[in-house]
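Student: Please walk me through this one, and be strict with the vocabulary. I would like to see each term tested against its cut-off.

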Amino acid sequence: MRQVVGAALRICYRDCGPIRRRALTSEPTLARIAADGGLRLKASGAWIADHADALEALIVAAPASVALDVAGVERLDTFGAYAIARLKGQAELTGVSERQRGLLEAVARLPHAAPAGVKPRNRLADALESLGRALSAAGADAVDFAAMLGRVSLAFLHALRHPQAFRLRSIVHHLDRVGVQAVPIMAMMTFLVGAIIAQQGFFHFRKFGAEDYVVDLVAVLILREIGVLLVTIMAAGRSGSAYTAEIGSMKMREEIDALSTMGFDPAEFLILPRVLALVVAVPALTFIGAVSALAGGGVVAWLYAGMSPPIYIERLSEAVSMTSFEVGMIKAPFMALVVGIVAAVEGLKVEGSTESLGARTTSSVVKSIFLAIVLDGVFAIFFAAVGM
Amino acid sequence: MTPLDESAIRIETLTVGFGAKIVIDDLSLDVRRNEILGLIGASGGGKSVLLRAVLGLLPARAGRIEILGHVRGPGSAREIGRRCGALFQQGALFSSLTVLENLEFPMREYLGGSDAFRREVAIAKLEMVGLSAEDARKFPAELSGGMVKRAALARALALDPEVLLLDEPTSGLDPIAAGDFDDLIRTLRRTLGLTVFMVTHDLDSLNSLCDRVAALYGGKIVAIGPLAEVRGVDHPWIRAYFRGARGRAALA
Ligand SMILES: Nc1ncnc2c1ncn2[C@@H]1O[C@H](COP(=O)(O)OP(=O)(O)O)[C@@H](O)[C@H]1O
Ligand SMILES: [Mg+2]
């Protein structure tokens with residue numbers, strides 16, 4: 001992933017073409033002089049970064065020598081000094097000018113530690129390793145989720161006993177962001193989905209002459225399942241991601257540490273108000289979404305199937321049982337809890353880099369949607385068992 | 001090399017501000033080739049703003065900035081970027097790249113040679129600023145404040161620039177590391193013919209490293225010259241700056 005960032009940074013420069021000022025300076029050269037004691041090398045030209053290719057070629061090709069004369073080197077920088085240090089080996093360095101001595105000595109003093117090589121890899125072992133890591137990460141996620149749920153519950157219980165610990169202003173602020181401001185988009189989305197389900201219902205049921213049951217289909221589907229799922233998915237994408245990014249960047253800049261140092265519990269100050277806001281907002285949005293989806297179905301029934309609104313409402317009141325409505329509404333706060341807790345867990349996992357902030361935000365959305373759907377399945381089993 | 005010109009950086013009647021607030025006010029300043037110029041000024045006095053304007057990061061309300069004979073403008077960004085290294089006050093290392101990759105990134109863009117060769121030189125540069133090959137593999141978030149400064153200096157030196165702009169390079173370093181830093185800059189200045197424009201409050205650096213010192217006050221340069229001269233200037237802020245207990249101790 002790191003390469004991706006590097007690549008992105010690279011792309012913005014690619015078009016400009018590299019700047020090479022080689023024309024302005026003379027190429028570095030290395031003359032070989034056979035002498036009595038052995039081979040002597042004589043360096044000249046500009047030994048600078050602009051000639052990195054040439055410098056590398058020189059040190060790769062150079063034979064072992066007894067002496068290296070650098071009197072002819074016109075210009076020198078750390079690239080050149082490094083190349084000379086590599087070339088020198090056991091040879092004696094001569095012709096060092098006063099100007100160049102400091103840098104050559106500074107580079108010669110370095111340990112020249114080479115980075116450790118990459119060890120050979122085994123495909124099967126790698127695959128097993130990543131499978132193992134994924135499984136243990138999933139296990140760790142479950143533990144983190146439970147731990148955060150516990151922390152938030154403790155903060156909640158504490159707040160029940162000390163009502164001033166409910167950060168009311170904060171809760172209201174978040175309620176506005178994740179609830180009130182979300183109403184238009186949620187209403188529009190559920191309206192459209194209600195309309196689409198109704199249209200599909202009329203189109204297919206018409207073949208069997210079962211048009212009357214379309215209203216039942218729309219009502220049950222929306223109230224029991226689709227309404228709350230749509231709202232949860234939207235809340236995860238819209239609010240959960242924002243929570244993770246906020247908490248994550250506070251973690252990155254040590255703001256959370258500052259809060260803890262002052263003796264405040266981040267769960268009480270940052271997480272509880274956000275989670276509570278979601279737990280209130282999601283059921284409310286689910287209710288609004290259900291009404292708006294039923295309205296969408298009604299519009300289609302009227303315009304597409306010619307069922308007048310009074311008849312639609314009449315059919316609706318026969319089709320809708322209180323149970324369907326309750327099933328949807330009971331699920332809503334639990335869905336909100338999943339989104340809020342996952343967002344907090346992921347936010348606190350952010351580390352120093354901007355990249356981890358992005359990765360955590362993505363995983364917050366993905367994990368909370370996945371968990372919400374799993375939870376929906378569990379609820380389905382539960383409601384079937386209790387006969388709702 | 002560019003045609004020989006007396007000044008490496010020439011700032012002419014520069015004005016920079018935010019909204020109604022003027023931070024740099026009609027300021028002119030020349031940094032000569034191969035000199036080390038120290039800039040002092042009160043906290044919040046606009047030193048970083050001046051440096052950022054020279055780097056082309058803040059728009060100038062008025063005035064002209066010339067670096068190595070190139071007028072600062074959209075057309076010269078890449079040429080200046082190649083020949084001018086900068087160290088930001090907070091380091092500004094790329095957080096998603098390791099320290100080594102932070103150095104390799106500009107080198108790969110501007111210089112030739114193989115990846116392996118550039119990597120070796122990058123490690124040598126990190127060692128020159130006092131970091132180990134092991135530190136090179138770390139991410140910026142895993143470094144201490146002083147190590148961030150060193151890594152950022154190594155990155156500023158990655159392309160062997162001709163001009164170096166440094167914003168409080170030794171703040172956050174222990175005195176030994178700060179001394180090593182001064183030695184390194186001195187060595188590079190002599191061999192590379194480096195020009196350095198640095199913001200610093202380190203009176204040791206001002207004393208032993210800087211050829212000239214410029215004092216920024218009220219958005220203008222109120223004094224410039226060798227430290228001994230600037231210390232003698234009769235200006236209330238300069239007097240307070242050098243005659244304070246800390247100033248006396250360091251220059252004693
Ligand atoms: N991006 C900005 N927007 C508004 N004001 C700024 C901005 N950057 C700096 N300033 C203001 O400019 C003044 C000089 O800041 P700076 O150059 O950072 O001070 P210093 O001399 O300590 O480096 C300060 O008053 C600061 O508040
Ligand atoms: Mg500053």
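Student: Which residue is the bridge partner of B:E66 in β5(B)?

Tutor: It is B:V71. Before we go on, this is a predicted model, in which local features need pLDDT of at least 70 and side-chain atom pairs count only at pLDDT 80 or more, while totals for chains, interfaces and linings use all residues. Residues are numbered from 1 along each chain as its sequence is written, chains are lettered from A and ligands numbered from 1 in the order in which they are written, and side-chain values use heavy atoms, leaving out hydrogens and water.

Student: How do you know that β4 (residues 62–67) of chain B and β5(B) pair?

Tutor: Two strands pair if DSSP finds at least two bridges between them. These two have two bridges, in the antiparallel sense, so the criterion is met. Strands themselves are DSSP runs of E with at least two residues, and helices are runs of H or I with at least four, both numbered from the N terminus.

Student: What makes β2 (21–32) and β5 (70–71) of chain B edge strands?

Tutor: The open sheet has the order β2-β1-β4-β5 (chain B), with antiparallel pairing. Each of these two strands has a single partner strand, so one side of each is left without a neighbour in the sheet.

Student: And in chain A, why are β1 (29–34) and β4 (92–94) edge strands?

Tutor: The order there is β1-β2-β3-β4 (chain A), an open sheet with mixed pairing. Again, each edge strand has a single partner, so one of its sides lacks a neighbour in the sheet. The twist averages 20° from one strand to the next. Helix α3 (residues 78–88) of chain A packs on this sheet, and its direction makes about 175° with that of β3(A). Such angles run from 0 to 180 degrees between N-to-C directions, with axes fitted as lines to C-alpha atoms, for helices over the stretch in contact.

Student: Why are B:S48 and B:Q89 called donors of the magnesium ion (ligand 2)?

Tutor: Donors are N, O and S atoms within 2.8 Å of the metal (3.2 Å for Na, K and Ca). B:S48 (OG) and B:Q89 (OE1) lie 2.0 to 2.4 Å from the magnesium ion, so both qualify. B:S48 lies in helix α1 (residues 47–54) of chain B and B:Q89 in the loop between β6 (84–87) and α3 (99–110) of chain B, so the pair ties together parts that are 41 residues apart in sequence. Water is not among the atoms, so sites may look incomplete.

Student: Why is B:Q89 called partly exposed?

Tutor: Buried means under 20% relative accessible area, exposed over 50%, and partly exposed in between (1.4 Å probe, protein chains only). B:Q89 has 31% and B:S48 has 23%, so both fall in the middle class.

Student: How do you know that the buried residues of helix α6 (residues 168–178) of chain A are on the same side?

Tutor: Those residues are A:I171, A:H174 and A:V178. They cover an arc of only 70° around the axis, which puts them on the same side of α6(A); the arc is that of the directions from the helix axis to the C-beta atoms. They pack against α8 (214–252) and α10 (266–303) of chain A, where contact means heavy atoms within 4.5 Å. The face turned away carries the exposed residues A:L168 and A:R169.
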